[in-house]
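Visitor: Can you walk me through this one? I have it open but don't know where to start.

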Amino acid sequence: MKFFDDIQIGDRRDLGKHTFSAEEIKRFARSYDPQPFHMDEEAARHSHFGALCASGWHSTAACMRLIVDYHKRLAAEMIARGERPAKIGPSPGFKNLKWLKPIYAGDSVVFASEVIETRASASRPQWGIVHMRTTGTNQKGERVYEIENIAFIERRSA
Amino acid sequence: MPATPRLYFEDFTVGWSMTHGPRTITRQEIIAFASEYDPQPMHLDEEAAKKTLLGGLSASGWHTCAIMMRLIYDGLLVNAASMGAPSVDEVKWLKPVRPGDDLSVRLTVIGKREPKSRPDMGFVQCRCEVLNQHGEVVLDSNYPGMFAKRKREAAE
């Protein structure tokens with residue numbers, strides 16, 4: 001991760017793509033969200049969704065995996081250049097999560113983030129707080145997902 | 001939605017509070033979830049986790065959200081005319097969730113809305129807190145659940 005001091009409002013990052021297979025949708029749903037429209041094609045056809053679709057919490061988890069992989073790639077690149085990557089603290093939470101449209105079985109969703117707010121932490125001077133809006137767009141170009149992530153990121157001048 | 005739901009939009013009253021669970025979160029489950037969706041050291045490995053700010057192995061916050069969902073499903077939605085949820089206003093991860101913690105969910109109905117454009121359903125605004133076995137709130141959230149209304153005979 002970049003240091004807080006090097007992060008600007010408007011910075012964008014492409015996180016990559018996740019394809020939601022029917023098998024993965026059902027597997028996640030069996031453990032965490034076994035509503036019929038996430039579990040069974042036939043039941044989903046008769047629901048207001050019209051077809052098998054992913055649990056909203058499955059979409060958040062899949063997006064998190066892309067964020068973690070992005071940070072690992074960025075850290076490896078920084079280490080390769082002889083730099084030390086900044087530490088990321090535990091997230092205090094998120095805001096304004098919107099499941100704008102269903103993510104159906106077979107859909108591929110491209111996720112990207114943009115920095116929308118940065119501020120120093122009053123209580124922890126070695127950390128800065130960064131708000132990022134992360135969006136997900138399906139293969140038809142429809143925005144299906146939106147969230148405001150919040151992260152603690154190490155300050156260079158600590 | 002179950003074949004014969006018992007709870008429809010009309011049945012939720014503001015101020016109604018219910019607790020669902022508990023469910024024990026195991027070390028194995030924490031690591032399995034994190035391996036697939038949040039592979040960071042504090043969720044994967046005890047020794048590596050000790051060196052992080054969380055001070056030991058702890059569940060991914062997204063895993064806690066998923067367990068909250070399952071507890072709400074088992075305790076409420078399985079018997080309700082649920083139509084899912086369009087959004088979550090906010091989630092705060094307040095304390096780490098550790099292996100062996102017994103998690104329960106306290107759901108409180110804090111509001112109701114009936115959109116004019118959708119006479120068949122309404123929104124039930126829920127505050128959902130996840131508590132551990134010490135009674136500490138580890139996650140605080142609030143979101144609008146969508147529930148179908150009872151079909152009126154005249155509407156058929």
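Guide: We can take strand pairing within chain A, then the contact between the chains. Keep in mind that this is a predicted model.

Visitor: Fine. Which way do strand 1 and strand 3 of chain A pair, parallel or antiparallel?

Guide: Antiparallel, over 7 bridges. Strand 1 covers residues 12-19 and strand 3 covers residues 108-120. As a landmark, Asp14(A) in the pairing stands opposite Ala112(A) of strand 3.

Visitor: And what is the bridge partner of Ala112(A) in strand 4 of chain A?

Guide: That is Thr135(A). Strand 4, residues 127-137, pairs with strand 3 in the antiparallel sense, over 10 bridges.

Visitor: How many residues lie between strand 3 and strand 4 of chain A?

Guide: There are 6, and the two strands form a hairpin.

Visitor: Change of topic. How many residues of chain A are in contact with chain B?

Guide: 24 residues of chain A, in contact with 26 residues of chain B.

Visitor: Which element gives the largest share of chain A's side?

Guide: Helix 4 of chain A, with 8 residues. Helix 4 spans 56-80, and strand 2, at 93-99, also supplies at least two residues to that side.

Visitor: What kinds of residues are on it, by polarity?

Guide: The side of chain A that touches chain B has 12 nonpolar, 8 polar and 4 charged residues.

Visitor: Back to strand 2 of chain A. Which strand of chain B does it pair with?

Guide: Strand 2 of chain B, residues 87-93, in the antiparallel sense over 5 bridges. To find the spot, look for Lys95(A), which stands opposite Glu90(B).

Note on methods: Residues numbered from 1 in each chain as written. Chains lettered and ligands numbered in written order. Predicted model: local features only at pLDDT ≥ 70, side-chain atom pairs only at ≥ 80, totals over all residues. Pairing = 2+ DSSP bridges. Helix = DSSP H or I, 4+ residues; strand = E, 2+ residues; numbered from the N terminus. Contact = placed C-beta atoms within 7 Å. Nonpolar A, V, L, I, M, F, W, Y, C, P; charged D, E, K, R; others polar.
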